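The report that follows goes through selected features of one structure, with the sequence and coordinates to be read alongside the text.

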Amino acid sequence: MFKYVNQPIEKIDGLALVTGEEKYTDDFSFNNMLYVSVLHSGYAYAKIIDIDDSEARKMHGVVEILSYKNVNQILYTTAGQGYPEPSPYDTLLFGKTMRFVGDNVCAVAAESKEIADEALKKIKITYKELKPILNLEKSEGSSIIIHKDDGAFPKIPVFYDAKKNIASKVEANVGDFDSAFKKSSRKIELDFYCSYGSHCAIEPHASVSYLDVRGRLVIISTTQVPFHVRRIVSHVAEIPVSKIRVIKPRLGGGFGGKQEILLEPIVALMTWRTKRPAKLVYSRREVFKSTRCRHEYQTKVSVGYEADGTINALHLDALENAGGYGSHALTVLANAGSKTLPLLNKIENLRFTGMGVYTNLPVGGAYRGYGATESYPAYAQAIDMVCEDCGLDIVEYYKKWCIKSGETSAIFQALGEGKEGVAMTIGSTSLVECLDEGAKLSDWYEKRKLYGPNSDFNKGKRLKRGIGMVAMMQGSAIPEIDMASAYIKMNDDGSFNLNVGATDLGTGSDTVLAQIASEVLDTPVESFIVYSSDTDFTPFDTGAYASSTTYLSGQAVRKCAEEIKKQILKVGAEMLSLSIDDVELNDSKVTAKENIKEEVSFAEICQYSLYQKNQFQIQATASHISPKSPPPFAVHFIEIEVDTFTGIIKVLNYVATVDCGTPINPVTAEGQVEGAIVNGLSYTLFENYYFSPHGKMLNDTFGKYGVYTAFDIPPMKVKLIKSYEETGPYGAKSISEININGALPGIANAFYNATGKRLHSGPFAPEYVLKILSEK
Amino acid sequence: MKLPFKINNKSKNLELFPNETLLNVLRNNDFTEVKCGCNEGECGSCTVLLDGKPVNSCQVLAMSVQEKEITTVKGIGTLYTPHFLQKSFVEAGADQCGFCSPGMVLASYSLLKENPKPTREEILVALDGNLCRCTGYVKIVDAVEMTAQKLQTNNLEME
């Protein structure tokens, strides 16, 4: 059916990546460059009484020092979101109040990194230590106020109450939960805690800046959102947008961690003031402590149902720890509801309540999964509990109750991103097939018969086995908010420049977008010279987040290529002396419909259009916004073995069936699934932030934090089950985020199947598992 | 100061301070294919081969390896003359963001040179020191298996 789409085409940057040719931010250095180091707060909550940098300024090689003393106090949000941002303006680049261990105190630019580091030690800072809030449940309404009289405000009209430490609040009601819950004959409640998590992109955050020959500021940065960087740097550093160019080179992974504007304003100010290039690269410890992370969450699900399994009422409540600042505090919270509750859309009475609170702990942000990772563990365990209680097979249960094509959920309209959501009817879905196929691939029915807490297989055994499953949905882009655009021009030899603002952060989107253009223009992927992203040379794109690039930027590319196709056909027809209706595209040529031998090649067409007659540049640009956010679906089946002596959970088998519409590139799509699963497993079984009693993260290295290595991965089976999403390019939906959400609930359900006990807190580390097993 | 080193089969004079790590010296002398992910010996992004053995170059003093043969990923193969191991990485889809790739390629190269027919388990052990957050390792292991297959089918040796 397709020629270039849905084909396993090798990544266009692949060979350059594996031979070390590609350049990442830290690989750019310039003559006369300054090296920047940042001093981060060691206190969770403190006021700076004074900064004395006189000794540091006297040091040979120290060129500039930035602190609250010489940086204008401009409120902003570090969240790289569309404008106006749904995150509160509560952050200063360098302020006088330190709100978490890792907050910015000051920065030094010097002739070498060593001098900059040495200078930081010579800066004398007088702090007044304040009593911090280090527990998310103690924040709301505490006498300790984290943003007190600092002018913090929401940029959009949403609930915000800094005096009560409330960074965000969301509520949505469908039907009447209270009375339906009351009337239900059976009820369950389950709470679940999700720990902090770090993205752990292997490339640390880095930014380099310089002034070009006309005095414009150029910033090369590890960013998923170059256009938001330009806008926000302009705001914070008070430099006009017209004077700023942001370049995204190769990115060494992001996962949401590079959707924050953190380092860019610092190098921008250093360069703007000194007129010299400046580079700032964070150490791994700085990335852990000072950048952004997955929000800590306490969730609770209440379900009222009947003996036949009919759920009358479901309430999901989420308490989110925003940390010291409210970056993404509102939207992650809203997604905790909007990416779970529509899944079983036949539940008539639904309620979502959520609150994000400030604490003096690290700041949350965007992280692959974006709220859904945090809400699925409670939601999906509750569904498992209902099925267990009613003696129903959960796979069949999902098949019966899940949202189907042509159906909707009132939640879509009730829960948006900082405003009302967008009503939407499901177009494409292969969720039922995913459920069936996953059950088959995992031997679900056989194993469910074999295992169980009271089975012969498990009873009295040290090693107990179980199998659990979870069905999920996510979204594809933010409807009616996110916009992507593309530009294509044709070259003499029939090749094309494809310039996109879309940000390839390692996912392979440059290749995927070229495949889409190839399909439209019936010419090989090698014909496209893809350039992303550069605010001077590529058109606007909101950036790589919200699972949007393939779906949204892909459709912009498709529209743009359609425009190019019209122009090519017009010139081709003119050259063949035929009407435009009598010609068609055919393998990098325009041919007569009647006689395929009457042909002109793309090269001939472009040469004609550039040099010969009625000359013009074959070129086009196109933009796209989506009226909806079609959910991809996924089902994960996880088989585990619990060592009841050590508390170690071993994953024996992991099966994932995924509906991403048409996988534009099945290999890179599978790679997204596998990477997300392993990240999810690592977060489920190992990863956590451990804090000192004073709020300092103690395990701020890869080794202590515990990222999965190759040796930790279980056997995995991934199967993409196609559907066709009419609103996406060639039927595509998203795939990047959804599969990180399965491990926590899937393993929790498998754990119940093995032991008869419910898990309530991630990660499922051995000591926690032993504690649960010892409970009566 | 400038001192001679043997890198990728060539003698090179590198600018360095006596207390610098091999990682810093290499990166400061334009060998930016050697990546820095943690600078604490935990992620493997800075892997180079010293006399054929993989090491984290952030944990090695440059001055201590002047006599050794240093190999970076470009010493295995370049964009213009890629090694079939590197081609396997691209074919298998083991190349997502690519930041861990130079280290992964070198760790895999070293394994296959010593053990051209590794089991899946042996591959997992050999790559245990190299972190990747994008791929979930599956396609990286596939790439190593694919290369081992190429070695056998074509009766080749790792070079």
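In which loop of chain A is A:Ser577 found?

## A loop residue with positive phi

In this predicted model, A:Ser577 is found in the loop between helix 15 and strand 20 of chain A. Although A:Ser577 is not a glycine, its phi is positive, at about 55°. A residue counts as exposed if 12 or fewer other C-beta atoms lie within 10 Å of its own, and A:Ser577, with 9 C-beta neighbours inside 10 Å, is therefore classed as exposed.

Chain B offers another example in B:Asn8, a residue other than glycine whose phi is positive and near 50°. B:Asn8 lies in the loop between strand 1 (2–7) and strand 2 (10–15) of chain B, and because it has 18 C-beta neighbours inside 10 Å, B:Asn8 counts as partly exposed.

## A three-stranded sheet in chain A

Strand 20 of chain A belongs to an open sheet of three strands, which has the order 20-21-22 and antiparallel pairing. Strand 20 (583–585) and strand 22 (599–601) of chain A each have a single partner strand and stand at the edges, so one side of each is left without a neighbour in the sheet. On average, and with direction ignored, neighbouring strands of this sheet are turned by 20° against each other.

The antiparallel pairing of strand 20 with strand 21 (residues 589–592) of chain A runs over three bridges, and A:Val583 has A:Ala592, in strand 21 of chain A, as its bridge partner. Helix 16 (residues 602–612) of chain A lies across strand 21 and strand 22 of chain A, and runs at about 75° to strand 22.

## Cis peptide bonds

The peptide bond from A:Ser532 to A:Ser533 is cis, with omega near -20°, and A:Ser533 lies in the loop between strand 19 (528–531) and helix 15 (549–575) of chain A. A cis peptide bond also joins A:Gly762 and A:Pro763, where omega is about -5°; A:Pro763 is found in the loop between helix 19 (743–755) and helix 20 (766–774) of chain A.

## Helix 9 and the nonpolar core

Helix 9 (residues 372–390) of chain A has 19 residues, which at 1.5 Å a residue should span 27 Å, and the distance of 26 Å between its end C-alpha atoms agrees with this. Of these 19 residues, 15 are buried, so helix 9 of chain A is largely enclosed by the rest of the structure. The helix is followed by A:Gly391, whose phi is positive, near 65°.

The largest nonpolar core has 308 residues, of which A:Val36, A:Val108, A:Ile266, A:Leu498 and A:Ala517 touch the most other members. When residues up to four places away in sequence are not counted, A:Ala517 touches A:Ile488, A:Leu498, A:Phe528, A:Val557 and A:Ala561.

## The contact between chains A and B

How many residues does each chain bring to the contact? Chain A contributes 46 residues and chain B contributes 45 residues. On the side of chain B that touches chain A, at least two residues come from each of helix 2 (73–76), helix 3 (84–92), helix 4 (101–114), helix 5 (120–126) and helix 6 (138–153) of chain B. Helix 3 of chain B gives the most to this side, with four residues. Sorted by class, the side of chain B that touches chain A consists of 22 nonpolar, 14 polar and nine charged residues.

Conventions:
Residues are numbered from 1 along each chain as its sequence is written. Chains are lettered from A and ligands numbered from 1 in the order in which they are written. This is a predicted model: local features need pLDDT of at least 70, side-chain atom pairs count only at pLDDT 80 or more; totals for chains, interfaces and linings use all residues. Two residues are in contact if their C-beta atoms, placed from the backbone, lie within 7 Å. Ala, Val, Leu, Ile, Met, Phe, Trp, Tyr, Cys and Pro count as nonpolar, Asp, Glu, Lys and Arg as charged, and the others, Gly among them, as polar. Two strands pair if DSSP finds at least two bridges between them. Axes are lines fitted to C-alpha atoms, for helices over the stretch in contact, and angles run from 0 to 180 degrees between N-to-C directions. A residue is buried if 20 or more other C-beta atoms lie within 10 Å of its own, exposed if 12 or fewer, and partly exposed in between; C-beta atoms are placed from the backbone. The expected span of a helix is 1.5 Å times one less than its number of residues. A nonpolar core is a set of buried Ala, Val, Leu, Ile, Met, Phe, Trp, Tyr and Cys residues joined through C-beta atoms within 7 Å.
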